[in-house]
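Visitor: I would like to learn how to read this structure. Please take me through it one feature at a time.

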Amino acid sequence: MRKNLLRLLPAERSAVFRRFIYGCLAAAVFTSCAPKTGGQGAARRVLENQGQRDMAMAILWQQHSGEYAALCYQAFNAGRAYVQEAEAGVKYAVIFDIDETVLDNSPYDAYLIYENAAFDEKSWEEWCNAESAEAVPGALEFCAFLVKNDIEIFYISNRPESVLVSTMNNLNMLGFPNARAGRVLLKTDTSDKTPRVKSVREAGYTILISAGDNLDDFDSSIRKYNNAARRDWAAENAETFGQHRLILPNPVYGTFESVFIENYHSKSHAERAVARLNLLKSWK
Ligand SMILES: [Mg+2]
């Protein structure tokens, strides 16, 4: 039976109204039922702005909240405790991802918002070559601790090899150890990190810890998983986090977003915004 809108509680009316608005916006963007002039463009602008708002809040949290910094410290503190419990006399290595694991690229993300632009390789390389990224909270101190404990450090990242020198410069300027060729392994022919991790093992190292902001940093085979499968993978490996896997917070970007819907990144800003809104789990 159809509910009488006037008989709903204010919160229920608000939920119904919200769904109605999303439905209208989506319809205006995607169907020919929308007004031929003005309406479609206006709806699309609203949704594009929604995308900016989604990203802006995530960046603001990364750049300004004490909670973001505290989570980073928590990850590296756990790593420190894990190292202290490790068996002595083993040739250990720790593998770090770079972006949002040891380097903070949030100024690049903020730039994308101000420019109303999407990520692209040209602007990303320009940012990398500016060598302006700051360190993720606690990363430098954790690396210094590893050096003190004679543990080798490798950086394995999917930054393109064209920015190898600038990446090493940026890391060195901040004081990160081992930021040199052979220890900084960027993407050449594949974004699958497995062969690069294997090369570390083949050099005789036991990988004590892997640190990253994306589950793919730990296991490349899950790159194509949807988010339900990624959560299952996290649950199956729950005991490894804070042990030999350190996960850093990154609310701004990652595979979690790419797999919201099929071909997500080939969709328009407005289509992505609708997809995100449709995925929200609401209590009513
Ligand atoms: Mg990363």
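Visitor: Which residues on the other side of α6 are exposed?

Guide: A residue counts as exposed if 12 or fewer other C-beta atoms lie within 10 Å of its own, as buried if 20 or more do, and as partly exposed in between, with C-beta atoms placed from the backbone. On the other side of α6, V147 and K148 are exposed. Helices (H or I, at least four residues) and strands (E, at least two) are DSSP runs, numbered from the N terminus. This is a predicted model: local features need pLDDT of at least 70, side-chain atom pairs count only at pLDDT 80 or more, and totals for chains, interfaces and linings use all residues. Residues are numbered from 1 along each chain as its sequence is written.

Visitor: Which residues of α6 are buried?

Guide: In α6, residues 139-148, the buried ones are A139, F142, C143 and L146. Seen down the helix axis, they fall within an arc of 100°, so they line one face of α6. The arc is that of the directions from the helix axis to the C-beta atoms. These buried residues pack against α3 (66-84), β1, β3 (134-135) and β4.

Visitor: How are the strands of the sheet ordered?

Guide: Strands of a sheet pair through backbone hydrogen bonds, either parallel or antiparallel. Here two strands pair if DSSP finds at least two bridges between them. Five strands form an open sheet with parallel pairing, in the order β5-β4-β1-β6-β7. β5 (184-187) and β7 (245-247) are the edge strands, each pairing on one side only. Between β4 (residues 152-160) and β5 there are three bridges, and I156 stands opposite L185 in β5.

Visitor: What is Y92, in strand β1, in contact with?

Guide: Two residues are in contact if their C-beta atoms, placed from the backbone, lie within 7 Å. Leaving aside neighbours within four places in sequence, Y92 is in contact with A86, I151, E152, Y205, T206 and L208. Y92 and Y205 are 113 residues apart in sequence, yet 5.3 Å apart in space, C-alpha to C-alpha. Y92 counts as partly exposed because it has 19 C-beta neighbours inside 10 Å.

Visitor: Which residues of the largest nonpolar core touch the most other members?

Guide: In soluble globular proteins, nonpolar side chains tend to be buried together. A nonpolar core is a set of buried Ala, Val, Leu, Ile, Met, Phe, Trp, Tyr and Cys residues joined through C-beta atoms within 7 Å. The largest has 33 residues, of which V94, I95, F96, V102, Y155, L246 and L248 touch the most other members. Apart from it lies another core of five residues, including A43 and A270.
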